[in-house]
Number of protein chains: 4
Amino acid sequence: MQENNFKIDRHSLKTAISRVETDKIVTRGYNQRDLIEKIRYSDMVFLLLKGRLPSIIEGKIFNHVLVSFCDHGVTPPSTQTARIVTSSGSPVNSAVAGALLSFGHKHAGAIEKTMDLYQSKINSLYLTDDAEIDNKQIAGLAIEIYQEYILKDKKVPGFGHRYHNIDPRADKLMEIVIKEGFIGPHIKLALALEDLIYQKKQIRLNVDGANAAILSDLGFTPDLGLGIFIIGRIPGIIAHIHEEKMNEDEFRRFCDLDDVIYQQRGK
Amino acid sequence: MQENNFKIDRHSLKTAISRVETDKIVTRGYNQRDLIEKIRYSDMVFLLLKGRLPSIIEGKIFNHVLVSFCDHGVTPPSTQTARIVTSSGSPVNSAVAGALLSFGHKHAGAIEKTMDLYQSKINSLYLTDDAEIDNKQIAGLAIEIYQEYILKDKKVPGFGHRYHNIDPRADKLMEIVIKEGFIGPHIKLALALEDLIYQKKQIRLNVDGANAAILSDLGFTPDLGLGIFIIGRIPGIIAHIHEEKMNEDEFRRFCDLDDVIYQQRGK
Amino acid sequence: MQENNFKIDRHSLKTAISRVETDKIVTRGYNQRDLIEKIRYSDMVFLLLKGRLPSIIEGKIFNHVLVSFCDHGVTPPSTQTARIVTSSGSPVNSAVAGALLSFGHKHAGAIEKTMDLYQSKINSLYLTDDAEIDNKQIAGLAIEIYQEYILKDKKVPGFGHRYHNIDPRADKLMEIVIKEGFIGPHIKLALALEDLIYQKKQIRLNVDGANAAILSDLGFTPDLGLGIFIIGRIPGIIAHIHEEKMNEDEFRRFCDLDDVIYQQRGK
Amino acid sequence: MQENNFKIDRHSLKTAISRVETDKIVTRGYNQRDLIEKIRYSDMVFLLLKGRLPSIIEGKIFNHVLVSFCDHGVTPPSTQTARIVTSSGSPVNSAVAGALLSFGHKHAGAIEKTMDLYQSKINSLYLTDDAEIDNKQIAGLAIEIYQEYILKDKKVPGFGHRYHNIDPRADKLMEIVIKEGFIGPHIKLALALEDLIYQKKQIRLNVDGANAAILSDLGFTPDLGLGIFIIGRIPGIIAHIHEEKMNEDEFRRFCDLDDVIYQQRGK
């Protein structure tokens with residue numbers, strides 16, 4: 001075994017995720033030998049992030065969420081970045097990293113912002129009233145959001161898509177959670193809000209908005225939203241990297257000199 | 001809908017991964033509405049990368065592979081990078097990108113190198129002899145590799161681990177494929193090679209070596225090896241990023257001035 | 001010449017930085033042939049960022065700024081990230097990218113925050129009073145900042161360093177601008193603030209605080225602060241990457257299993 | 001001062017670049033206070049990378065090299081990546097990191113490959129003959145390279161540019177080194193090779209080829225070639241990031257749905 005020439009004081013690196021001993025790895029309290037044999041990959045993701053295995057219904061719903069993030073063709077900036085980096089001859093991990101850097105607050109930030117919005121609203125109910133949350137209260141929150149955003153001409157996070165009128169992923173996800181009876185307060189709020197916004201503005205929930213509600217009802221805090229989106233989207237990005245490498249010329253030319261407008265000196 | 005101020009000539013962006021139309025997304029020939037409802041996330045990964053759904057046994061085995069890559073605690077350079085980047089106050093996508101950049105040829109490159117080795121050996125049999133591959137031929141290949149590496153004191157890719165004598169993940173994966181009867185020529189070759197190397201050197205297959213053989217028998221080419229490892233490992237990295245953010249001080253101090261040895265000027 | 005298979009509509013890519021024609025490149029209005037022959041690299045940086053060449057004194061001061069960012073040994077997270085990524089066998093551009101990702105708001109964000117603070121304060125004077133700014137007004141602003149931060153126990157950006165009591169770079173930069181008579185309102189404000197804070201708290205300007213003031217007096221807006229720091233620091237990072245590659249074992253071990261504290265399951 | 005909760009054994013982090021003590025930083029043997037006051041930024045870069053200050057002529061030539069890398073408008077993949085990442089709302093350090101990841105072996109790899117080629121050829125002379133290298137020997141090496149590449153229809157690294165017939169930067173650099181009398185064996189070789197290749201193929205040295213020769217005569221080894229290119233190019237990339245942020249809509253649309261060709265299922 002290799003020598004450690006970077007000897008760190010014991011008790012300085014702390015983790016509750018995995019305990020590694022010689023010939024044994026225990027993750028979130030389970031021997032990895034058992035995890036490898038017995039659980040679904042989507043449940044493994046849940047276990048890593050939440051520290052416990054999902055219930056049957058949680059596992060089912062979380063699987064739908066992960067699949068729904070899979071791919072949106074060559075249109076997203078992240079996919080285009082992955083292809084340009086690949087085209088330059090960089091390795092696959094660099095191309096995936098490039099794609100991730102394109103998940104800025106304008107591209108993939110909506111999910112966390114929406115989770116924040118839904119959870120802060122729902123939490124305000126719990127604070128003021130410890131009885132069961134009823135539909136009337138949810139409707140009140142939807143109106144609040146409507147007033148804070150639509151009436152002030154602000155974009156509501158989680159609504160609208162630049163290529164779709166009805167985002168087919170959001171629509172399907174909502175259909176599924178209704179069918180499966182997995183409807184907590186955050187999903188109720190998203191649905192009530194969609195009713196209101198659609199009536200007045202013909203704008204609907206997008207995939208980020210639907211998943212923000214579902215992940216909130218699954219008990220995830222907003223700071224994990226982008227991470228879960230990343231997990232769901234990376235396989236698609238790797239498929240694009242592979243396709244670029246297999247089917248396109250290396251270092252293909254992305255623009256001609258006369259495609260560019262040169263502006264006058266001075267900004 | 002937003003205007004495109006970057007108008008690209010039609011027929012310039014090509015993809016076989018997803019067809020995006022207004023209100024409809026079709027991935028690898030399947031409507032995403034159906035995929036979201038019906039398939040497991042690990043099968044979705046397979047579909048994206050291979051262009052077809054797995055058979056039942058392929059889906060099962062591929063799920064074991066993905067779970068086996070999940071986490072190795074705080075020891076890997078990639079996890080440490082993710083934590084340092086997080087500690088500096090960068091967003092989660094940057095921290096994941098940093099981790100990915102640490103998958104250099106020394107850290108995560110072994111899987112592709114091992115797939116290359118196994119596949120080139122097995123392909124050489126198909127080239128010279130189109131009859132069924134038998135165990136004797138496999139044994140011959142194992143001896144070839146043994147001679148090319150061990151006798152020349154070169155490290156065999158896919159063998160040995162700096163923290164484990166028996167990598168519990170490799171051991172479990174091999175137990176499973178044997179139990180499930182999923183043993184193609186590449187797995188046979190890995191097992192034969194392990195017998196040989198263990199006898200002489202007491203070194204065993206590691207998780208990369210085991211998965212290189214399994215992924216080869218699943219029909220993946222080497223250039224997808226690192227991508228599949230990335231898919232499997234990213235959830236663990238995101239768990240570490242979350243843990244760092246929740247439990248540690250921002251910008252914690254990683255070294256003291258007198259931890260450092262200053263060498264004389266000149267190298 | 002290579003064909004462009006990505007034909008973009010003319011008038012879609014706009015830039016005022018460089019005009020590229022066959023056999024000719026004009027940057028910020030100057031033929032690159034002339035720039036290569038005649039100007040100093042630090043003036044080239046100024047030209048690129050500001051769109052014009054610096055005056056003699058501006059060029060001199062900007063050169064001091066760039067040199068002052070050069071290196072802080074192995075202590076910064078960015079340098080450690082660069083070394084870990086290099087150690088994993090990734091190429092130099094990936095290691096530099098990893099280092100950059102560690103410039104989060106806690107590591108390198110101070111310069112922009114400080115520029116924001118100084119410029120918003122000074123701009124407030126220009127708004128309320130178009131006469132020359134006098135020392136009394138500057139002193140008033142310093143007291144304002146003191147009250148907004150120190151009295152509320154908030155960290156003043158640009159002050160204090162975790163390894164230094166007197167940051168030698170800040171101290172030298174201030175000595176130089178005084179000697180050279182390059183003292184605009186932002187530098188005056190930084191000096192007045194330092195007097196106040198040092199008296200009460202024995203904390204002094206750091207390299208970010210000094211450079212924030214100087215760059216503000218050079219006419220840079222805050223959004224270029226991090227970029228200029230990056231330009232100044234990257235040569236040092238590349239020196240560390242080179243040193244790691246030359247002098248250390250590849251994939252050296254950064255921790256031992258018993259260096260780690262494993263916490264109980266559950267977070 | 002902040003506590004270090006990551007206590008590393010002394011003598012584990014080694015560096016010859018900078019010695020950091022409380023209130024004092026010494027880089028390559030010089031107090032940073034002196035460096036900040038006295039040296040040009042381009043000389044600081046040389047000092048960091050080589051461990052010593054340049055001679056007057058070395059400093060002059062190295063300055064030309066750095067300026068020559070500055071910018072090539074919006075055409076390079078790295079610049080396009082920087083703009084896409086910026087457009088997504090990511091911070092400037094992420095956008096620079098994205099640009100760096102596009103410096104793959106096809107985009108920025110030529111300089112190291114060319115340095116390797118020139119240095120291995122010139123070194124072969126030193127090995128076989130310790131007398132002064134004469135022009136006849138250089139001419140012999142040029143013919144060797146010509147035969148190994150051109151006669152075998154292989155691209156010679158450092159020659160040809162997809163937008164230029166005469167790369168104005170290479171042409172100017174060669175004019176300067178001749179005028180300044182800075183012509184070592186590597187530059188001689190590059191010039192001899194250009195004569196040969198231009199006669200037969202009408203292809204000329206590009207900026208990478210010219211700088212590979214110059215940097216080799218300045219005593220840099222090939223593994224620093226990409227790093228020096230990065231140092232020279234990053235200011236231009238930061239100018240593009242700034243321009244994108246100031247002048248373009250956030251998250252601007254880069255393609256329309258009917259710009260894309262969807263291929264049949266199956267690859």
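Across all chains, the structure holds zero disulfides, a disulfide being a pair of cysteine sulfur atoms within 2.5 Å. This is a predicted model, in which local features need pLDDT of at least 70, side-chain atom pairs count only at pLDDT 80 or more, and totals for chains, interfaces and linings use all residues. Residues are numbered from 1 along each chain as its sequence is written, and side-chain values use heavy atoms, with hydrogens and water left out.

**Confidence**
- Chain A averages a pLDDT (the predictor's confidence in each residue, from 0 to 100) of 90, and 93% of its residues score at least 70.
- Residues 1–11 of chain A have a pLDDT below 50, yet this stretch has 47 contacts (heavy atoms within 4.5 Å) beyond near neighbours in sequence.
- Where pLDDT is low, the predicted coordinates should not be read in detail.

**Cysteines**
- Cys70(B) is buried (under 20% relative accessible area, with exposed over 50% and partly exposed in between; 1.4 Å probe, protein chains only) at 1% relative accessibility.
- Cys70(C) is also buried, its relative accessible area being 1%.

**Chains A and B**
- Chain B is superposed on chain A by a rotation of 180° with 0.0 Å of shift along the axis, at an RMSD of 0.0 Å (least squares on the C-alpha atoms of residues with pLDDT of at least 70 in both).
- This is the relation of a two-fold axis.
- The C-alpha of Ala97(B) is the one in chain B nearest the axis, 2.2 Å from it.

Technical notes:
Chains are lettered from A and ligands numbered from 1 in the order in which they are written.
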